[in-house]
Amino acid sequence: MNKKKGMGLLARQQAAGWAFLTPATLLIFIMSFWPMVRAFIISFQTGSAANMKWAEPVTRNYQRMLQDKMFQTAMGNTFLYLIIQVPIMLVLAILLAQLLNNKDLKFRGLFRTMIFLPCATALVSYAIIFKSLFATQGLINSALVGIGILKENYNFLGNPASAKAVIIIALLWRWTGYNMVFFLSGLQNIEYSVYEAAKIDGANAWKTFWNITVPLLKPVIVMTGIMSINGTLQLFDESVNLTNGGPANTTITMSHYIYNNSLGQGVANFGYASALSFIVFILVAVLAAINLKVGDSRD
Amino acid sequence: MNKKILSLVLACMMALVACCAMAETLTVSAWDPNFNIPALEAAAADYKVEHPDFELVINTVSGSSDVELAMTTAGSSGDYSTLSDIVLFQDHFIQRYVADYPDAWQSLEGADINWDDFGAEKLSYSTINGVHYGVPVDNGTAIFAYRVDILEQCGYTLADVTGITWDRFIEIGEDVWAKTGKYLLSMDGSGNDLPYMMLQAEGLSQFKDGEPFIAENEAMVQIISKLVEMIQKNILFLSNDWTGYTDGSIMGDQVAGVMNGNWIIPTISQVADNSGKWEITTLPTLTGAEGYAANGGSSLYITANCKNPDLAKDFLAKTFGGSTKTYDAALRNGGVITCCISAGQSDVYKEGVPFFNGQPIYSDIVEMGSHVAIVEQNDYHYTCRQYIGAAIQEILMGSDVATALQNAESQLRFAMDL
């Protein structure tokens, strides 16, 4: 059969595998990894993009960060969004998934679609819609004044605390449905007989949820957790489009600050911006590692 | 075979035609269809009279930041082929961009332009190390426009608000708020351009010898205190963003006064119902002298991608370099006011403007522009404004003026790597 006794069946299969992998690998390397390497090199340089020089000393951009109050504000904001928004969102998503997993619920498909739908909107457009909703003369203000909760129109986006709250509300609206879908698919993988057995043993709904649903959903919880932390640390569109970091940079996120340092405000400080990006990269990696460790069920 | 040769010949001819057409074509990037685009169209029409083959291709972008982004990208990669031959560029940014990307620009050396005919303050932006890089299009002279009908309702005339101190302004503002429920002034809280203009009217800058001059700047401390007082007394409306400033406060009829570069006039004029109710004057100052300042504005620059710089220079020189025809049409169609002194003396400029109660505002503005003091400029102009804005917010939230300005100064020094 073999005309040329070169490759065996296994080797040929492997070669085919490599052949399929090569284009994607090359593209990922050129489009993703090479820029990362370049950014790492640039993070040790200063000067305008047309004329980059090695920083003096080389780690100057990283040292600079320690004195950067603005970056510390941005980091504080990002972590505030993370700590408040991610737990609320994941709990809401699990509860909604649990509700919508009920076999006897009518119009299940319709509800699922409605809750998932925000996810299909573009980041920029939903941020702009939230901005107009929460404007001083916007719908939310008119409604709250109309039903007597507010005495006069309140400038939600002009006040640091309420502007942050609006960003968190917007994030919840946009991402809860997205995470719910993961939990729904996770729930569908849990055998119904497990619940039946629990019922026979006399477990109530609350106990069933904590002792069966949550442990069995653990891998999904870890995954959604990592994705949400990663996404929140890179939060950009909401900060730019909803509040533009304002009022007075009190709602700015790390990614937005990196953007301002590279392309915004005509400053074009690519070296410093790259160094900041690598700090975000390390933060994401560390948090994901902690998350994996905590979620690891092996002894 | 014959067909192939024929098509080859045809293709060559096409290429030749394209080349010839290219020789008389310039591309330009600009952003405001109600303001600077009509000015460019006016210039193209003017130049076409003498040069019938000339073609100006206007590439309309959505905002000035698009041009800045294009320059950053091209300058960083060293590939200038994506740039238009000529770009409109913001005055406050140009010095930094020429310093950062020196190869991306072509100077105007040898262009036939009488530079003495332009306002010196305006030229101070586009002149780098004594070399002219840009041709001014507009004029950033700041105006203070008042709703005279509202002032009258409260018992004041335009003369009562001309050449006054900011303290007197606050008194009048309180009165106007109490009697009409309108603010006397508004500012975009994310742009914070009032402190800069108020400081320039005192003949000072936010910078001194290349370093921030904020916390030690007695005038700055006073100006910020006055601004905070105005916000607290409902005299100054602080909007969240630019749209809140233009559409909300000005077009939404919430204010009885507007202080900004004169390019704000088209925005004021949007509300047809208020025609004849506005008039303009100079700015208040801390001392009560009449204040003059400038804010914003842009000029045209030739990029490295321009293959025919001589044509570009000639075009700019024969139009925005001082042609009355260009500037008259730019004023009529786009409300663009020149800083070219001789062009500002044409009859069109002397006409009374019905929207401003028949006041000849254009010649008034050109005249006001000649008084604007040249103050020290810095590449970190907008960064500085941002931190001053943050300081205002801090003070509103209870911090004291000295600490807030000290914070702003130290953050700015950090950003400037000092």
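This is a short dialogue on reading a predicted model, from one whole chain down to a single residue.

Trainee: Let's start with chain B. How many helices and strands are there in it?

Mentor: Counting those elements is a handy way in. Chain B has 17 helices and 15 strands. Along its principal axes, the C-alpha trace spans about 90 × 50 × 40 Å.

Trainee: What does the radius of gyration of chain B agree with?

Mentor: The idea is to set the value beside the one expected for a compact globule. For 418 residues that would be near 22 Å, and chain B comes out at 23 Å, so the two agree. Two other numbers help fill in the picture: 51% of the residues of chain B count as buried, and 77% of its contacts with a separation of 6 or more join residues 24 or more positions apart.

Trainee: Can we zoom in on one residue? Why does Met259(B) count as buried?

Mentor: You count neighbours. A residue is called buried when 20 or more other C-beta atoms lie within 10 Å of its own. Met259(B) has 27 of them inside 10 Å, so it counts as buried. You'll find Met259(B) in strand β13 of chain B, which covers residues 257-261.

Trainee: And which residues does Met259(B) touch?

Mentor: Skip anything up to four places away in sequence, and you get Ala142(B), Phe144(B), Leu185(B), Leu194(B), Met197(B) and Leu283(B). Distance in sequence and distance in space are separate things, too: Met259(B) and Tyr146(B) are 113 residues apart in sequence, yet their C-alpha atoms are 8.8 Å apart.

Trainee: Over to chain A, then. At what angle do helices α3 and α9 of chain A cross?

Mentor: For a helix pair, look at the axes. Those of α3(A), residues 69-100, and α9(A), residues 205-233, come within 10 Å and cross at roughly 145 degrees. The crossing is right-handed.

Trainee: Which residues meet there?

Mentor: From α3(A), they include Tyr81(A), Leu82(A), Val86(A) and Met89(A); from α9(A), they include Phe209(A), Ile221(A), Gly225(A) and Ile229(A). By type, the residues of this contact are nine nonpolar, eight polar and no charged.

Trainee: Last one: how many residues does each chain give to the contact between chains A and B?

Mentor: List the residues on either side. Chain B gives 23 and chain A gives 20. On the side of chain B, α3 (64-77), α4 (91-100), α16 (381-396) and α17 (401-415) each supply at least two residues. That side of chain B divides into seven nonpolar, eleven polar and five charged residues.

Technical notes. Residues numbered from 1 in each chain as written. Chains lettered and ligands numbered in written order. Predicted model: local features only at pLDDT ≥ 70, side-chain atom pairs only at ≥ 80, totals over all residues. Helix = DSSP H or I, 4+ residues; strand = E, 2+ residues; numbered from the N terminus. Rg over C-alpha atoms; globule rule 2.2 N^0.38 Å. Buried ≥ 20, exposed ≤ 12 C-beta atoms within 10 Å, placed from the backbone. Contact = placed C-beta atoms within 7 Å. Nonpolar A, V, L, I, M, F, W, Y, C, P; charged D, E, K, R; others polar. Axes fitted to C-alpha atoms, helices over the stretch in contact; angles between N-to-C directions. Left-handed = near helix turned anticlockwise from the far one by under 90°.
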